[in-house]
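These are my notebook entries on a structure that I had not examined before. I set down what I looked up, place by place.

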Amino acid sequence: MSAAGRPTEPCWTLTDHHGRRVTAHDFRGRYQLVFFGFTHCKVVCPRALGKLTMVLELIGGLSEQIQPLYISVDPARDTPEVMRAFLEDRFPSFLGLTGSEEEIETARDAFRVFAVRRDDPDEPDGYAVPHSSLTYLIGPDGHYITHYPDVVEAEHVAEGLKDIAGI
Amino acid sequence: MATMLSSLPTQSDVFQAPLLSDEQVGSIRHIDNLSRLPRGDWRHMMGPMPLQEDFNSYRYQLGYMSLALALAHYHRLPAAPVVFKGALDRLIQRMLEPDVWWYWRDTSTAGGFMGIALPQLPSKSDPVAADNIMYSAYLMDMVLMYTMLFDDRKYEGPGSLAFRVQPVLWGADRQEVYEYDQRSLVDRIYWNLVQSGYLGVACEPWCVFQICNNVPIIGYRLHDHIYGGSLASEAMDGYARAWNDFGGGVNERGHFVSFVVKNNDYSPNDLVMDAESAWGDAWLGLLLNMWRPELVRTTYGDKVEAWVDRAGDGSIALKTFRPGSTEPIQTGPAGEFGWIAGWASEMGDQEMLTGLLRHADKHMRPQWDNGGLHYPRRDDIVDGEGHFVNMVPIVSNAMLPYARLNVADGLQSLFNSPWTDRERSRPALTGLSEQVDVRRAWYHEGDKRLQLTVSPMHGLASTDADLTISSVWSDDWSLTVDGVAVASGRAGEVVATDSGQRFAPRRTGDAIEITVPLDGGARDIEMIWGRG
């Protein structure tokens, strides 16, 4: 484990769900709302992505200053095409990001994200990937601002974003 | 011990706050004595196992000595910061000594936990950067308790928590320094927790213990109290959910699960280690009562009874056979006696606590040294008459003092209601000569009345008590010693009565100083404000 306290300026290079190579730097100038998960996730991810979609609705025009990102912790199954199919219908505000095992590990480490492959015969392909459920807010300068646990209500997150963005 | 677990006085009570017993003030002074030992002097603290590997390691002793002091200040002597501030600060400084944390250079290499084979890792020296929550959590709690209790921000300064190794014989290029402050320390530990999925930060690599991951919850709570944020609630919520994957941390017989070995190159799956033990139940029970009291209280009675034996005289000792069998067990060296006493104190189980202390005082050779009470180390488990007599430093130096000074739900209430400026700005004893014990120090806010009782330390027949009482000039006041008027404060001036001249009352800044001869034992000093 590389441990260095809170995320500071998370750096990563990944592939978005349109197949484009992107880096953290490409999103400078906008806030990033970052959530990690995997498309086979039955409960945590759909709930979180749904809540964050509601947050974006609650903040109205401010959402134009925010890039929501959904980073896979299951790159073996979450190809760009799978990410796109998962997000475009249900959570179209989000841009999905995936990559090689090494690239994903670098991104996870930058955000201090926990994820582990766990065998589960009841799951498709026989495994699940329990993972952290924090939502990270990254500033326009690429620096970590804060995080929100998944128990925090959408309204609270929305108020926090309004405060931070100065609206 | 009549006041052991008595209810605490409320602000509106007009009565004498409880006096501390000889054993209670002796416990405080023993910890104070240990805190004052010169660098490298660990007398009374050296345990039976080398390499800082067992529960008598200095880090645990220092951690629970600090908690004992914090609980005593919070619950027993809230108007006597002078008794605790310097001692707690010195314990923090001792915690930073390489003697305490340098084991990590070797322990971080892993390789195995008792019978469990684990991969080996490169050596790491920084004792708080990763894993090693069995050290870092205690240091975090100690500095944040210090800040909370005394509003002294010395550990906020960059590098104020420095781990230095400057060996003379290894060459200057091998000197190491790792610098933190209390906020960067919390930050480091908390994000290690996040990266663990909230199950917990490991002690030894891969080994995540419930006990050691309840300790930092105190620190997170105090951090949130001082700086804002929600680390504690995030940690508790995440912990509860993460341990749900491991049976909620409780086995089918109601005992606490000890730890989880995380998956590694030798083991593809996490392993739950469920070795029921007296220390496991009691140690975790006393901590977990902070935030999961319903879980602890519903199982306390059955669990604690499984580990103790009662004698006809009311004294209580440890079982030396596994409950329900004739299989002997090696209780003692892990500090079981002390963990159970500490747990009983937190549960408010006065009968259990009194029984354990009675056994200790009857069979464990209590000794008084420089006004402090302790029990000398003894490595055999039972004596020739079959009495449990084992005594290890974590019990003598930390957990028996802790148990004597705690009150029912004492850690829980400190956790739930940390002090603010309101408590810290009250009139209080801030200066005291060294050979004086404080038996009572309570400010009754409703009555604007400060009650102090001081006595010569154990073993002294007489001494002079030089007292400094601070934050006294908010209103006119009067001061008595043993009920006799000594002085009053009017318009910023100290006026001594005729009989009070010999106490030499005088003003110093926002405080007053007096010198009280203690030639007849304990004396009561009382100040009342606003009575005209």
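The entries below concern a predicted model and take up a glutamate, a cavity and an arginine.

Entry on B:Glu204. I first located B:Glu204 in chain B, in the loop that runs between α7 (182-195) and β5 (207-209). I then asked whether B:Glu204 is buried or exposed. I found B:Glu204 to be buried, and I found no salt bridge for it. I looked for the nearest side chain of opposite charge and arrived at B:Arg59, 5.5 Å away. A salt bridge requires a distance within 4 Å, so I did not record this pair as one. Leaving aside residues up to four places away in sequence, I listed the contacts of B:Glu204 as B:Thr107, B:Phe113, B:Met134 and B:Phe209.

Entry on the cavities. I noted 5 cavities of 30 Å³ or more in the structure. I chose the second largest cavity, which holds about 50 Å³ of space. Among the residues that line this cavity I met B:Phe209 again, together with B:Trp279 and B:Leu284. I recorded α8 (210-227) and α10 (278-288) of chain B as the elements that give two or more residues to this lining. The largest share, 3 residues, I assigned to α10(B). By character, I sorted the lining into 6 nonpolar residues, 3 polar ones and no charged ones.

Entry on B:Arg531. I placed B:Arg531 in the segment after β21 (523-529) of chain B. I recorded B:Arg531 as exposed because its relative accessible area is 55%. From C-alpha to C-alpha, I read 55 Å between B:Arg531 and B:Asn390, which lie 141 residues apart in sequence.

Notes
Residues are numbered from 1 along each chain as its sequence is written. Chains are lettered from A and ligands numbered from 1 in the order in which they are written. This is a predicted model: local features need pLDDT of at least 70, side-chain atom pairs count only at pLDDT 80 or more; totals for chains, interfaces and linings use all residues. Side-chain values use heavy atoms; hydrogens and water are left out. Helices (H or I, at least four residues) and strands (E, at least two) are DSSP runs, numbered from the N terminus. Buried means under 20% relative accessible area, exposed over 50%, partly exposed in between (1.4 Å probe, protein chains only). Lys and Arg count as positive and Asp and Glu as negative; His and the chain ends are not counted. Contact means heavy atoms within 4.5 Å. On a 1 Å grid over the protein atoms alone, a cavity is a set of points where a 1.4 Å probe fits but cannot get out, and a pocket is an open set with protein on both sides within 12 Å along at least five of seven lines; lining residues have an atom within 4 Å of a point. Grid points are joined across faces, edges and corners, and a volume is the space filled by probe spheres set on the points. Ala, Val, Leu, Ile, Met, Phe, Trp, Tyr, Cys and Pro count as nonpolar, Asp, Glu, Lys and Arg as charged, and the others, Gly among them, as polar.
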